[in-house]
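Student: I've got a structure here and I'd like to talk it through. Can you put it up so we can both look?

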Amino acid sequence: MKFNDALLGVVFLALSIAVLVTIQGYPKIPGQSIGPGAFPGLIALLLAGCSLALIWRGWRERGSQPLVAMGAWLGSPRHVRNFLVAVGSLAFYVVAADKLGFLICGALILLALFLTLRVRPRLALLLALALPVIIHLIFYKLLRVPLPWGVLPVLW
């Protein structure tokens with residue numbers, strides 16, 4: 001899928017304006033001219049400049065480039081199914097992670113993804129059970145990032 005540069009430029013310009021509006025509410029540091037909004041503001045201004053350049057380029061090429069060009073993969077049921085399973089997995093995690101927990105959601109999502117991508121079922125099951133535990137240990141123990149436990153008791 002390919003988007004016209006003007007369309008992407010408008011999206012990025014809106015993002016840069018949102019950042020510039022948001023940093024106005026950041027607190028000022030007494031005695032300093034540079035506050036916590038200086039760096040995000042600078043990045044937002046640079047993004048706005050690049051967005052305007054994209055809009056200009058897309059506007060100039062509007063006759064030869066459609067607003068949205070669909071990719072050839074949309075004609076393949078297998079590719080569409082893989083895309084929908086990936087997006088559905090993300091939506092499932094957002095909805096169910098707090099209730100079921102990371103370990104259960106991660107195992108279900110990985111199993112669905114592995115089976116969709118035609119990994120052998122026994123290997124898919126083994127990986128779907130082992131990888132969430134390893135990932136949870138890395139995030140929970142090493143990086144100290146709390147992941148939801150859900151219905152499981154705190155195991156470590």
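**Walking through the model**

Tutor: Let's start at R144, which sits in the segment after α5. Keep in mind that this is a predicted model.

Student: OK, is R144 buried or exposed?

Tutor: The cut-off for exposed is over 50% relative accessible area. R144 has a relative accessible area of 68%, so R144 counts as exposed.

Student: And what's its backbone doing: what is phi of R144 near?

Tutor: Most residues other than glycine have a negative phi. R144 is not a glycine, yet its phi is positive, near 60 degrees.

Student: R118 also has a positive phi. Where does R118 lie?

Tutor: Phi of R118 is near 65 degrees, and R118 is a residue other than glycine. With 61% relative accessibility, R118 is exposed. As for its place, look at the loop between α4 and α5.

Student: Let's zoom out. Which pattern does the protein follow along the sequence?

Tutor: There are five helices and two strands to place. Reading along the sequence, you get β-α-α-β-α-α-α.

Student: What is the radius of gyration of the protein?

Tutor: Start from the yardstick: a compact globule of 156 residues would come out near 15 Å. The C-alpha atoms here fill a box of roughly 55 × 55 × 20 Å along the principal axes. The radius of gyration of the protein is 22 Å.

Student: How much of the protein counts as buried?

Tutor: Buried means under 20% relative accessible area. The protein exposes about 10,900 Å², with carbon and sulfur atoms supplying 75% of that. Of the 156 residues, the share that counts as buried is 22%.

Student: Now the helices. How do α3 and α4 run, roughly parallel or antiparallel?

Tutor: Helix α3 covers residues 77-100 and helix α4 covers residues 102-116, and they pack at an angle of about 170 degrees with their axes 9 Å apart. Angles over 145 degrees count as roughly antiparallel. So α3 is, relative to α4, roughly antiparallel.

Student: By class, how many nonpolar residues does that contact of α3 with α4 have?

Tutor: On the α3 side, the residues making the contact include V85, F92 and Y93, while α4 brings I104, L108 and L113 among them. Three polar residues and one charged residue are in the contact too. The nonpolar count is 14.

Student: Next is L137. Which residues does L137 touch, not counting those up to four places away in sequence?

Tutor: L137 lies in helix α5, residues 121-142. L137 is partly exposed, at a relative accessible area of 34%. Its C-alpha is 9.9 Å from that of L147, ten residues along the chain. Leaving out residues up to four places away, L137 touches L142 and W156.

Student: Last one: how far apart in space are I29 and W56, C-alpha to C-alpha?

Tutor: I29 is in the loop between α1 (5-23) and α2 (38-60), and I29 is partly exposed at 38% relative accessible area. Not counting residues up to four places away, I29 touches I34, G35 and P36. I29 and W56 are 27 residues apart in sequence, and their C-alpha separation is 38 Å.

How values were computed: Residues numbered from 1 in each chain as written. Predicted model: local features only at pLDDT ≥ 70, side-chain atom pairs only at ≥ 80, totals over all residues. Heavy atoms only, no water. Axes fitted to C-alpha atoms, helices over the stretch in contact; angles between N-to-C directions. Helix = DSSP H or I, 4+ residues; strand = E, 2+ residues; numbered from the N terminus. Parallel < 35°, antiparallel > 145°, perpendicular 65-115°, else oblique. Contact = heavy atoms within 4.5 Å. Nonpolar A, V, L, I, M, F, W, Y, C, P; charged D, E, K, R; others polar. Rg over C-alpha atoms; globule rule 2.2 N^0.38 Å. Buried < 20%, exposed > 50% of the residue type's maximum accessible area, 1.4 Å probe, protein only. Areas by Shrake-Rupley, 256 points an atom, 1.4 Å probe, with all protein chains shown as cover.
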